[in-house]
Amino acid sequence: MKAMLRPIIPLRYRPQAIFDHLVEKSTGDVVCGGPFEGVQYIDAARQQIRLLPRLLGTYEIELWKPLQQAIDRGYPRIVNVGAGEGYYVVGLARAIPAAEVIAFEDNRQRQELIRMMAEHNGVGDRVQVHGRCEVADLREAVGGEEDCLLVMDVEGAEMALLDPQVAPGLSRCAVLVEIHDFVDESLSAVIRSRFEATHDIVEIDQRARTLDDFPLRVPLGSGHLLSKRYVKSMDEGRPARMNWFYMTPKVQSRR
């Protein structure tokens with residue numbers, strides 16, 4: 001009977017959607033966990049992204065450790081290519097108060113969202129927003145001798161961009177990149193071959209979320225009854241199982 005009714009019930013009235021709405025309301029539109037805890041979201045973001053995992057702070061939870069390492073190091077320059085609505089741009093700008101943040105994003109609506117998010121969170125004066133990132137743009141953005149962190153999510157374009165032969169500054173840059181092998185199955189091997197001489201490379205695999213990851217207080221007794229709902233609320237809706245490379249220079253300047 002449920003299977004027969006599901007196609008005719010609008011998504012917003014389905015049980016999980018109602019549950020997600022209640023959880024989202026309880027966050028107050030503020031990221032409530034992880035390294036970017038305290039980032040405030042704006043209403044306009046709801047039209048662009050699946051917001052709830054970001055508000056819960058469990059979005060790409062696999063990257064908490066390298067992000068915290070980057071925050072502790074205090075990189076003075078951060079470059080985010082494929083910046084979306086600004087989750088990493090604003091999160092890192094808040095977490096590293098002295099950092100200059102350079103964002104590249106193809107989508108014009110999301111470019112404006114990044115600017116609005118940065119202003120709303122008080123970091124607009126340290127955030128530069130640009131459009132599509134070409135090799136020449138990346139070469140200039142990562143610079144030369146200055147410590148730099150590059151965060152990249154470009155749906156397969158990492159093959160063209162992540163090449164120290166054409167952007168030499170990458171050899172001194174820490175890189176956190178989402179690898180899209182489902183776009184091109186050779187990506188992992190090629191990127192690894194380009195950086196293994198100069199960088200220590202940690203491969204990070206996507207993992208399933210559990211009730212223990214849920215950052216808000218779970219009402220007594222509801223964890224067992226609604227565990228699948230809580231876990232589903234953290235679902236990022238990815239098209240395939242993802243993995244990332246966290247690549248840090250084998251020789252870094254001391255800070």
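# Reading the predicted model: burial, sheet and rings

Me: Why is C133 called buried in this predicted model?
Reply: C133 has 8% relative accessibility. The cut-off for buried is under 20%. C133 therefore counts as buried.

Me: What makes C148 buried?
Reply: The relative accessibility of C148 is 1%. Buried means under 20%, so C148 counts as buried.

Me: How do you know that C148 is in no disulfide?
Reply: Look at the sulfur distance. The nearest cysteine sulfur belongs to C173 and is 3.6 Å away. A disulfide needs the two sulfur atoms within 2.5 Å. C148 is in no disulfide.

Me: How many disulfides does the rule give in total?
Reply: The count comes to 0 disulfides.

Me: C148 belongs to strand β4. Why is β4 called largely enclosed?
Reply: Count its residues. Strand β4 covers residues 148-152, and 5 of the 5 are buried, so the rest of the structure largely encloses β4.

Me: What makes both faces of β4 covered?
Reply: Side chains of a regular strand alternate between the two faces of the sheet. On one side of β4 sit C148, L150 and M152. On the other sit L149 and V151. All of these are buried, and both faces are covered.

Me: How do you know that β4 pairs with β1?
Reply: Pairing requires at least two bridges. Strand β1, residues 77-81, and β4 have 5 bridges, in the parallel sense. One position to check is R77, which stands opposite C148.

Me: What makes β5 a partner of β4 as well?
Reply: There are 4 bridges between β4 and β5 (residues 174-179), against a requirement of at least two. The two strands run parallel. In this pairing, M152 stands opposite V177 of β5.

Me: What is the strand order of the sheet?
Reply: The sheet is open and has 7 strands, ordered β3-β2-β1-β4-β5-β7-β6. Its pairing is mixed.

Me: Why are β3 and β6 called edge strands?
Reply: β3 (127-130) and β6 each pair on one side only. From strand to strand, the twist averages 15°.

Me: How do you know that β2 pairs with β3?
Reply: Strand β2, residues 100-104, and β3 are joined by 4 bridges. At least two are needed. They run parallel. I102 has Q128 of β3 as its bridge partner.

Me: Which helix packs on the sheet at β2 and β3?
Reply: Helix α6, residues 108-120, touches both strands. The angle between the directions of α6 and β3 is about 170°.

Me: Where does helix α9 lie?
Reply: α9, residues 187-195, lies across β5, β6 and β7. It runs at about 5° to β7.

Me: Which residues of helix α4 are buried?
Reply: In α4 (residues 64-73), the buried residues are P66, L67, A70 and I71.

Me: Why are they placed on the same side of α4?
Reply: Their arc around the axis is only 140°, which puts them on the same side of α4. K65 and D72, on the other side, are exposed.

Me: What do the buried residues of α4 pack against?
Reply: They pack against α5 (87-95), β4, β5, β6 (199-205) and β7 (243-249). After α4 comes G74, with a positive phi near 75°.

Me: How many aromatic pairs does the structure hold?
Reply: It holds 6.

Me: Why is the pair of Y87 and Y88 called edge-to-face?
Reply: The ring centres are 5.3 Å apart, and the limit for a pair is 6.5 Å. The planes stand at 85°, and edge-to-face means over 60 degrees. The pair is therefore edge-to-face. Both residues are buried. Ring pairs also link Y87 and Y88 with F36 and Y59 into a cluster.

Me: What makes F214 and Y230 edge-to-face?
Reply: Their ring centres are 4.8 Å apart and their planes are at 65°, so the pair is edge-to-face. F214 lies in the loop between β6 and α10 (222-225), while Y230 is in helix α11 (residues 227-233). They are 16 residues apart.

Me: Why are F214 and Y230 both called buried?
Reply: F214 has a relative accessible area of 8%. For Y230 the value is 6%. The cut-off is under 20%, so F214 and Y230 are buried.

Terms used
Residues numbered from 1 in each chain as written. Predicted model: local features only at pLDDT ≥ 70, side-chain atom pairs only at ≥ 80, totals over all residues. Heavy atoms only, no water. Buried < 20%, exposed > 50% of the residue type's maximum accessible area, 1.4 Å probe, protein only. Arc of directions from axis to C-beta. Contact = heavy atoms within 4.5 Å. Axes fitted to C-alpha atoms, helices over the stretch in contact; angles between N-to-C directions. Phe/Tyr/Trp six-rings, centres within 6.5 Å; stacked < 30°, edge-to-face > 60°.
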